[in-house]
Amino acid sequence: MRQFTTGDLNKQVGDVTDAASREPIVLTRHNKPRFVLMSYDHYERMRTGFDPRRAYSVSDMPKEHEELFGEAIERLARGEGYDDEP
């Protein structure tokens with residue numbers, strides 16, 4: 001888990017909150033963990049125990065996901081990547 005100081009939060013609020021939007025981060029004070037900062041969505045998933053995200057094995061993948069996955073693999077095989085998307 002990434003760590004920032006409480007001073008970082010004051011000086012670089014954009015960087016700290018951007019990191020917290022991707023994953024929970026630890027805020028330290030005097031080199032000791034004091035707080036955890038995370039996105040509201042992550043907090044709700046933890047609080048409710050419900051996570052709408054789902055992982056599938058290829059053989060169990062829903063048909064619409066299979067088609068999207070196949071298209072993405074073909075784009076990557078052609079040398080196109082995420083940076084090429086609008």
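With which residue does Arg-47 form a salt bridge? The partner is Glu-44, and the closest N and O atoms of the two residues are 2.9 Å apart. The model examined here is predicted. Both residues of this bridge belong to helix H3, and because they are three residues apart, about one helical turn separates them.

The count of salt bridges comes to four. Among them is a contact between Arg-22 and Asp-18, whose side chains meet at 2.7 Å, N to O. This pair lies in helix H2. Its members are four residues apart, about one turn of the helix. Arg-22 has a relative accessible area of 56% and is therefore exposed. Asp-18 reaches 41% and so counts as partly exposed. Another of the bridges joins the side chains of Arg-78 and Glu-80, with an N to O distance of 3.4 Å. Arg-78 is exposed, because its relative accessible area is 53%. Glu-80, at 30%, counts as partly exposed.

Helix H3 spans residues 40–48. It also holds both members of an aromatic pair, Tyr-40 and Tyr-43. The search of the whole structure finds one such pair. The ring centres of Tyr-40 and Tyr-43 are 6.1 Å apart. Their planes stand at 45 degrees, so the pair is tilted. The angle falls between the limits of 30 degrees for stacked and 60 degrees for edge-to-face rings. Along the sequence the two tyrosines are three residues apart, about one turn of the helix. Tyr-40 is exposed, because its relative accessible area is 58%. Tyr-43 has a value of 39% and is therefore partly exposed.

Helix H2 covers residues 13–22. Its buried residues are Val-16, Ala-19 and Ala-20. They are on the same side of H2, because they cover an arc of only 100 degrees around the axis. The cover over these buried residues includes strand S1 (3–5) and helix H1 (6–11). Strands S2 and S3 are also included in that cover. Asp-18 and Arg-22, the salt-bridged residues of the helix, are not buried: Asp-18 is partly exposed and Arg-22 is exposed.

Strand S2 (25–29) and strand S3 (32–37) are linked by a loop that contains His-30. Asn-31 is placed in this loop too. Both residues have positive phi values without being glycine. For His-30, phi is near 55 degrees. For Asn-31, phi is about 65 degrees. Both side chains belong to exposed residues. His-30 counts as exposed because its relative accessibility is 67%. Asn-31 has a relative accessible area of 75%, so it is exposed as well.

A nonpolar patch lies on the surface. Val-58, Phe-69, Ile-73 and Leu-76 form it. Together these residues have about 380 Å² of accessible area. One of them, Ile-73, is found in helix H4, which runs over residues 63–77. Ile-73 is partly exposed, because its relative accessible area is 43%.

Terms used:
Residues are numbered from 1 along each chain as its sequence is written. This is a predicted model: local features need pLDDT of at least 70, side-chain atom pairs count only at pLDDT 80 or more; totals for chains, interfaces and linings use all residues. Side-chain values use heavy atoms; hydrogens and water are left out. Buried means under 20% relative accessible area, exposed over 50%, partly exposed in between (1.4 Å probe, protein chains only). The arc is that of the directions from the helix axis to the C-beta atoms. Contact means heavy atoms within 4.5 Å. Patches are made of residues with over 30% relative accessible area and no salt bridge: like charges are joined within 9 Å, nonpolar side chains (Val, Leu, Ile, Met, Phe, Trp, Tyr) within 5 Å. Accessible areas come from the Shrake-Rupley method with a 1.4 Å probe; for residues, only the protein chains shown count as cover. Rings of Phe, Tyr and Trp (its six-membered ring) pair if their centres lie within 6.5 Å; planes under 30 degrees apart count as stacked, over 60 as edge-to-face and the rest as tilted.
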